[in-house]
Amino acid sequence: ASSVILGNGLFGVADGMGGHNGGEIASAGLRDGLLRKTEGKEPSAEVLEEAVKKVNFEIWEQQEKDASLTGMGTTLTILWPVEDQMIIGQVGDSRAYLIRNDEMKQVTCDHSMVADMVRRGVLTEEQAACHPMRNYITRAVGTDDAVEVDMLSIPRMKGDRWIVCSDGLYGQISKQELEETAKTAELEEAAGKLLVLAL
């Protein structure tokens, strides 16, 4: 169960895990919590990181009190633009890609077992894409009382195009398909085509 995070200038996706019920509660809880904690705030990495950490504790506390929610958690990939910078928060294996000068690049790092193996040179990217444990993530929001958030800041340029998605998109199609489709001139059309490909 994924939740789209839109509001207060934020653009993000939270992909829940831990059974349908738990996954939905975690991803929707993260969405609602982040919107609540960033309302009326000036965009900054500090505000965003603090908000994620506070909501993480709330979600963790919820499953401590309710055994039926044990194991729930959610990924988070969130963008918060300021004038000349894109602030990015990352936990888990959802992703942010940037298309700039006609080239697509993955900006975030997956917190997953196979991504760690790729970074160590144990697996190739091709092997990782079809590895049986590719869905095993090493970091999530809500699974522990504290969470480490990767915070990035990338200079913005005119013409930049961002893609924020869960593995429900990038895990279903090739990188080439993703890049070519995402370059479709009209944004709405590009998003619609990507949705159709994923489904």
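Q: In this predicted model, does Trp 60 count as buried or exposed?
A: The relative accessibility of Trp 60 is 19%. Buried means under 20%, so Trp 60 counts as buried.

Q: How far is Phe 57 from Trp 60, centre to centre, in their aromatic pair?
A: The structure holds 1 aromatic pair. Phe 57 and Trp 60 form this pair, and both lie in helix α2, 3 residues apart, which is about one turn of the helix. Their planes stand at 40°, a tilted arrangement, and the distance centre to centre is 5.6 Å.

Q: What is the relative accessible area of Phe 57?
A: Phe 57 shares helix α2 (residues 45–65) with Trp 60. Trp 60 counts as buried, whereas Phe 57 is partly exposed, with a relative accessible area of 35%.

Q: Which element supplies the largest share of the largest nonpolar core?
A: This core has 21 residues, and those with the most contacts inside it are Leu 30, Leu 34, Val 52 and Leu 76. At least two residues each come from β2, α1, α2, β4 and β5. The largest share, 5 residues, is supplied by α2.

Q: What is the approximate area of the nonpolar surface patch made by Val 4, Leu 6 and Phe 11?
A: Val 4 has its place in strand β1 (residues 2–7). Its relative accessible area is 55%, and exposed means over 50%, so Val 4 is exposed. Together with Leu 6 and Phe 11, Val 4 makes a nonpolar surface patch of about 300 Å².

Q: Over the face of which residue does Arg 95 lie?
A: Arg 95 is placed over the face of a ring. At 3.6 Å from Arg 95 is the ring centre of Tyr 170.

Technical notes. Residues are numbered from 1 along each chain as its sequence is written. This is a predicted model: local features need pLDDT of at least 70, side-chain atom pairs count only at pLDDT 80 or more; totals for chains, interfaces and linings use all residues. Side-chain values use heavy atoms; hydrogens and water are left out. Rings of Phe, Tyr and Trp (its six-membered ring) pair if their centres lie within 6.5 Å; planes under 30 degrees apart count as stacked, over 60 as edge-to-face and the rest as tilted. Helices (H or I, at least four residues) and strands (E, at least two) are DSSP runs, numbered from the N terminus. Buried means under 20% relative accessible area, exposed over 50%, partly exposed in between (1.4 Å probe, protein chains only). A charge sits over a ring if NZ of Lys or CZ of Arg is within 6 Å of the ring centre and within 35 degrees of the ring normal. Patches are made of residues with over 30% relative accessible area and no salt bridge: like charges are joined within 9 Å, nonpolar side chains (Val, Leu, Ile, Met, Phe, Trp, Tyr) within 5 Å. Accessible areas come from the Shrake-Rupley method with a 1.4 Å probe; for residues, only the protein chains shown count as cover. A salt bridge is a side-chain nitrogen of Lys or Arg within 4 Å of a carboxyl oxygen of Asp or Glu. A nonpolar core is a set of buried Ala, Val, Leu, Ile, Met, Phe, Trp, Tyr and Cys residues joined through side-chain atoms within 4.5 Å.
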